Amino acid sequence: MKLSLFFILGYYILLAKGFLPSQESTDGRTDYTHASITQAAIYQVAADVIANVIDPTNYNASDPDGTIQTYFTHDALIHFAQTVMEIVNNNNLAQRTYRDDAARTMNCEQIVPGHLLLQSLRDNIIHQSQSANPDWDVVRELTGQYLFTLQVFYSNTNWVEMFGDRVCQELGVPGKSLPLNVSGPDMVTCVSCNYSKEAVQSFSCVDNMRMDGQLLTSGYTSFQGINKPIGNFPPKMGKCSHGGPYDSSKDIPATGGINKETSSPELSPHFDLHKQAGEAAIKATYDFLIGNGTGLLSILGVKKFTEILGMNYKKPCYDCLVPGLSVVFVIDDTGSMSEEIRVATQHSIDIVNQANLLGVNGPSNYVLSTFNDPDTTTRKTTNGTEMKQWLHNLTAHGGGDCPEMALTGIINALNAANPGSCVLFFTDADAKDDYRMNEVIQLLNAKKMKLLYFLRDECPKLRRRRRSQFTVPDNVQCIPNEDSKGRIRRGSGGFNLFETIASSTGGHIIHTSSSSLGSILGTFVKNNMGVSKVGVTTFELSSGSSHLIHVDSDLTLMTVRIKGLSSASDIRLVRPDGTDQTFTGTASADVIGSDTVLSIQKPPAGEWSLIKTTSGTSKVTVSGSGNIDFTYKFMEDVGGLKYPITGTSPITGSKLVISVKVSGMPPTAKVTHIILKKPNGVILYELPVSDTSTGSDRQLSVNYDMTTEEFYVSINGSYNSKIFSREKTDIVTPVTGEITFTSKPENLVAGQTSVIKVSVANKGITSQSYEVTATTVPLGILSQSLHPMSVGSNGNQEISLQLTAPNISIATLSVKLALRGRTIQIITRTLMVIDVPPPTISEVNRTADCTKETMNYYNCSTQSWSLVLEVTCPANLSQLYVTPNNVHLNYSQKASRSGAYIAILRGDCCSYTSQLNAIDRRGNMRKKSIDFSGGNVFNTTVDNFEVLSKPSSSPKKTNQNHDITLTVILELIGAAILGLGAVVVIITLAVYYRKKHKKSSKTRIQAIKVSPVPDRQMRWNERTMTSLNF
């Protein structure tokens, strides 16, 4: 039978994994995924740390769910869950980035390189965590990478076949060797099995492993640059394959495979061991975090360890609505302040609604202080509706000479308000009564008030003093929970008096414009007053029409905002019982500018109707307070695996998955549809989903072919026989421009220039002129930030970003793609900066490339190749190894230069590609890819594998190695010439060289091993020289 095994690029990606990345890739199976493994381990770790370390008295380790739920506050639990997802996403990103790396995936018997890589990553995680000011985002990124490779060990190697769900305690631990040797390239590890889905389902491949003694092995793949060894094996025997429908190597004896990454017989020949592999991966993840003696907890201590997992949550924002406080507005009501008054009135509705929901657990009273020149007024009430009415009736008037009685307005408010209250202050002018500054400072400090200054630069005097555009400081998104005296970040512009007061009292200054105030104030209201709304529905309402609003029993507040309607009498809101809603007591109707806002506390569940009685069309937004909410993300299919899209916007024409995570679901509630709506609220697509869960959190997804139409995402479902709906009104705009990093992540070297490549693709049908803007934190690293370019239809261009990093530890690179001034994509990358360059590897001499005639399984062993390289390690060499295992490595240190080595690689054309890896004592790695294909494609077509199973009688070509031998001798001559005569050295080295090769270099290398192994295997380990340990 003739089998054609040319490897088709489009079919290989599904195999480049381990476990599947997340639930979206499982096709509905309840498989272990990298996401579920990581989440299960971290949640168990968190519960055990809480119950056994942080507070053993009050918590029980045997009830992890209860421990987690009771230990964390609501906000802290959200923060913890988000941190876990950050680690999960980094795990998935590592899988996507390194899917073609055999060492990262533990495939192709690259288990020792994978072990060394894990050791290096673990050292880096510890180093970054123990630095003076750790960047925890970077630590979590490294942790995700580590966990990916750690977990695939159990799905891709034969460890589980030998030891079940037991953990390999030595794996990835610095200073530890693997407990077993790795099989040599000439050793049989598998026998052929029938790998059809039906046969595998009948366990045809269960006993396909054949090993002499306990040795580690893993399956070969057809896509990771390492050919599966063939020849010198008995019939129907050979190396194991990874297996599955997309792995062409499964057709080469030994046929079949050993992967355990799924529970599907079609995808995983050892599907029956999938559960054990998943359980082992969970245990290994657990041990990495808190294992006895080697876990991060014991190395880093509780404080730093809990920072990694997001368990040290402290509410960052001060709570302005706790019992006993006042809600305080201090407003300049001169003629230029009409916009501030409108915005304050708008947000006062949200504040009062939230306070009313809190009831006795909310603030005690409300204070409104206004000022101009020379008048000031102060009002105080316990009735939130009255406070809204005061603001609604407030008019901007007077003014003219810029300075106003600002400090008097502040003092009046401070005297009326309760201690510890939050004060929102609005003005566009300097203070006329600056002589009262010390009085303000003393009052603020004595009563511990939290004063937030919203300053708008309008007066001519202030415009002359303005130094730059007014913005919100990046580090000020709320009034902080901790005292920030002495740490106030000054804004730009005038208002020096207010800056002086703020710096003396821990206040915060926000410079705004009329157009930005609404969103800025909204952020503070949300963060400091807990005003967080869930979207319910959006629609357009025309004259004389009505629209149904589905209200569910989860909603404790419903807010209906009608844009362009300045009178509440122009609409009717009909309750489920058919009566008109009245706006008294806990229901209110407020008119703010040209908008009408209806608020109803504890609305009864059922169908409400909104009826418009006047002409024209209005946009209606319904929101409220409730527990049911959702988030969503777009995921792209990469060879059968689902990963989050790399940019910020989906690409037009792409086939995506919309993945929705719903939280706060009661057991009886069900999600029935994911709905895409046009910006005007009209349904674009209603996509059904199957929700069979009863948990509070649900994960649902649906396939979608991205069109050019803008939309936003909503969901609906049933709860207590009533329809519920939730929506996110952020508009999604599909784009045709895509930007990606094409360079694999590498460290920057302080003081040296590095290049990172970025590709811009145009997926549209017309040419486009883009602008690529790169920025870094800190600034000053890039040689050029702006890169304009024109990209043709369905074309792409690559740009090189040159970066020169200062002596720092971490930098962040952001690259923005813009079209006609509008940003359409943003990608970011974290860059680690090292102070010592990584190893360098350069070629010294090489033999000829493989001929076309030898680039096939029949003849590849008839031609040998050799390569001499120089390896230089400024930080001293720690590890040196070559992949694949059947390439031989010798080395010697150069006496002429410290840290320099001569490495000699030898192989044949069956291994025409290889890679030399050098790791220094800082953990820095350099990889050198070696290719002897000469541009020829390796022909994997085989007529009869049994012919190749017999040892070849053809001698290998060795004449091409003469130049290499001479090169090595000359290198050694150069190193020794420092103390000896040239002639004596040549003779000595020639004798030494011959003796050394007779000994097969057995004194340099010993593969990692602990337990006894057969003599034959020990001789093989000494001969292959796959890892150098100094």
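At what angle do helix 15 (residues 437-447) and helix 17 (residues 496-505) pack, and how far apart are their axes? In this predicted model, the two helices meet at an angle of about 30°, and their axes lie 10 Å apart. Angles under 35 degrees count as roughly parallel, so helix 15 and helix 17 are roughly parallel to each other. Their crossing is right-handed. On the helix 15 side, the contact is made by Met437, Val440, Ile441, Leu444 and Asn445. Helix 17 brings Leu497, Thr500, Ile501, Ser504 and Thr505 to the contact. Sorted by class, the residues where helix 15 touches helix 17 come out as six nonpolar and four polar, with no charged ones.

A second helix pair is arranged in another way. Helix 12 (residues 338-358) packs with helix 13 (residues 384-393) at an angle of about 170°, and 9 Å separates their axes. Because angles over 145 degrees count as roughly antiparallel, that makes helix 12 roughly antiparallel to helix 13. From helix 12, the residues involved are Ile341, Ala344, Thr345, Ser348, Ile349, Val352 and Asn353. They meet Gly384, Thr385, Lys388, Leu391 and His392 of helix 13. The class make-up of this contact between helix 12 and helix 13 is five nonpolar, six polar and one charged.

Then there are the covalent links. A disulfide is a covalent bond that ties together the sulfur atoms of two cysteines. The structure holds six disulfides. One of the links joins Cys190 to Cys240, with 1.9 Å from S to S. The link of Cys190 and Cys240 is right-handed, with 90° about the S-S bond. And where do the two cysteines of this pair sit along the chain? Cys190 belongs to strand 1 (residues 190-191), while Cys240 is in the loop between strand 2 (237-238) and helix 9 (274-290). The pair is 50 residues apart and so links distant parts of the chain.

How confident is the predictor in all this? Across the chain, the pLDDT averages 84, and 86% of the residues score at least 70. Some stretches do score low, though: over residues 483-494, the pLDDT is below 50. In the model, that stretch has 33 contacts beyond near neighbours in sequence. The pLDDT is also below 50 over residues 950-1030. Here the model shows 139 contacts, again leaving aside near neighbours in sequence.

Key
Residues are numbered from 1 along each chain as its sequence is written. This is a predicted model: local features need pLDDT of at least 70, side-chain atom pairs count only at pLDDT 80 or more; totals for chains, interfaces and linings use all residues. Side-chain values use heavy atoms; hydrogens and water are left out. Axes are lines fitted to C-alpha atoms, for helices over the stretch in contact, and angles run from 0 to 180 degrees between N-to-C directions. Helices (H or I, at least four residues) and strands (E, at least two) are DSSP runs, numbered from the N terminus. Angles under 35 degrees count as roughly parallel, over 145 as roughly antiparallel, 65 to 115 as roughly perpendicular and the rest as oblique. Contact means heavy atoms within 4.5 Å. Ala, Val, Leu, Ile, Met, Phe, Trp, Tyr, Cys and Pro count as nonpolar, Asp, Glu, Lys and Arg as charged, and the others, Gly among them, as polar. pLDDT is the predictor's confidence in each residue, from 0 to 100. A crossing is left-handed if the near helix is turned anticlockwise from the far one by less than a right angle, and right-handed if clockwise. A disulfide is a pair of cysteine sulfur atoms within 2.5 Å.
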